[in-house]
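Visitor: I would like a close look at a single part of this model, taken slowly and with its surroundings.

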Protein chains: 2
Amino acid sequence: MFEIFYEDLVIGQKETFGHYEVTREEVIEFAGKYDPQPFHLDEEAAKDSVFGGLCASGWHTCAMMMRMMVDHMKERGLASLGSPGIDGIEWKRPVFPGDILSAEGETTAKRDSASRPKLGLVKSTYHIKNQRGETVMIMRGNAMVAKRPA
Amino acid sequence: MFEIFYEDLVIGQKETFGHYEVTREEVIEFAGKYDPQPFHLDEEAAKDSVFGGLCASGWHTCAMMMRMMVDHMKERGLASLGSPGIDGIEWKRPVFPGDILSAEGETTAKRDSASRPKLGLVKSTYHIKNQRGETVMIMRGNAMVAKRPA
């Protein structure tokens with residue numbers, strides 16, 4: 001199942017992937033559970049907010065990004081073992097119902113794990129874009145990736 | 001409705017809040033939608049992972065944290081207007097079904113917004129803890145907070 005291992009990842013390599021259609025129903029469902037602020041739940045309240053209209057929770061955008069990333073990992077057969085953390089997230093523009101999201105990723109750094117000899121740590125930067133090509137979110141993340149079995 | 005404004009926030013101020021019971025059903029539901037990796041979906045596969053057992057997506061932990069934060073903001077009447085981004089997230093320990101999460105937050109910095117005179121930008125660090133007092137996640141975030149109306 002795994003085809004791409006730590007050794008195969010190249011710094012500077014870029015990829016474009018994903019297609020996520022943002023619906024009003026999902027925006028409100030996610031916000032109702034996890035981020036019940038007026039600008040994520042109610043059109044009228046959202047008009048007066050800094051966002052100008054009902055928009056997705058930033059954490060919902062992270063979740064939608066993650067779904068695109070996991071689908072892409074599986075398609076590639078990337079030997080990803082999870083993540084120790086995130087170096088930064090910038091929510092650049094609101095994500096509105098009707099938007100279609102996609103991702104551009106770039107591998108920016110890699111190093112052997114000091115504590116786990118069978119894996120390496122990889123840094124990547126992702127730009128999440130809407131259907132107009134506008135960046136809605138930038139995420140700088142870390143992944144643990146298995147080394148090729150001996 | 002708003003009672004606490006930008007002017008009222010004090011650097012170094014700490015707060016403890018939240019009570020979120022993590023269920024197996026919710027872990028699998030979130031992961032099925034947004035992070036369908038084996039260690040978030042399947043007990044058997046999770047045993048062999050670096051996490052040692054079925055555990056919540058890190059993004060799910062962020063979402064549960066956000067729910068605790070929003071409930072706490074509403075209780076306090078904090079004039080929060082959303083967030084421009086996150087300075088860092090560390091997933092320190094797995095979050096397992098049955099865990100009960102809570103949060104400790106500290107205001108670490110504040111400054112007037114250069115572009116929006118009616119609000120200020122506030123930095124805070126949150127430690128998300130489980131029922132044993134172990135930190136499962138650290139998040140360093142930014143919030144836009146309204147200034148007190150003149």
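Across which strands of chain A and chain B does helix H4 (residues 58-76) of chain B lie?

Guide: In this predicted model, helix H4 of chain B lies across S2 and S5 of chain A together with S1, S2, S3, S4 and S5 of chain B, and its course runs at about 120 degrees to S1(B). To place these strands, it helps to follow the sheet itself, an open one of 10 strands with antiparallel pairing, whose order is S1(A)-S3(A)-S4(A)-S5(A)-S2(A)-S2(B)-S5(B)-S4(B)-S3(B)-S1(B). Strand S1 (14-21) of chain A and strand S1 (14-21) of chain B stand at the edges with a single partner strand each, so one side of each has no neighbour in the sheet. From one strand to the next, the twist averages 20 degrees.

Within the chain B part, strand S3 (residues 100-112) and strand S4 (residues 119-129) run antiparallel and are joined by 10 bridges; in one of these pairings, B:Ser102 has B:Lys129 of S4(B) as its bridge partner.

Helix H4 (residues 58-76) of chain A also packs on the sheet, touching S1, S2, S3, S4 and S5 of chain A together with S2 and S5 of chain B, and its direction makes about 120 degrees with that of S1(A).

As for the two chains, chain B can be laid on chain A with an RMSD of 0.0 Å by a turn of 180 degrees and a shift of 0.0 Å along the axis, which is the relation of a two-fold axis. In chain B, the C-alpha nearest that axis belongs to B:Gly88, at 2.4 Å from it, and the same surface serves both copies, since 100% of the contact residues of chain B recur in chain A.

Methods: Residues numbered from 1 in each chain as written. Chains lettered and ligands numbered in written order. Predicted model: local features only at pLDDT ≥ 70, side-chain atom pairs only at ≥ 80, totals over all residues. Heavy atoms only, no water. Least-squares fit on C-alpha atoms with pLDDT ≥ 70 in both. Contact = heavy atoms within 4.5 Å. Pairing = 2+ DSSP bridges. Helix = DSSP H or I, 4+ residues; strand = E, 2+ residues; numbered from the N terminus. Axes fitted to C-alpha atoms, helices over the stretch in contact; angles between N-to-C directions.
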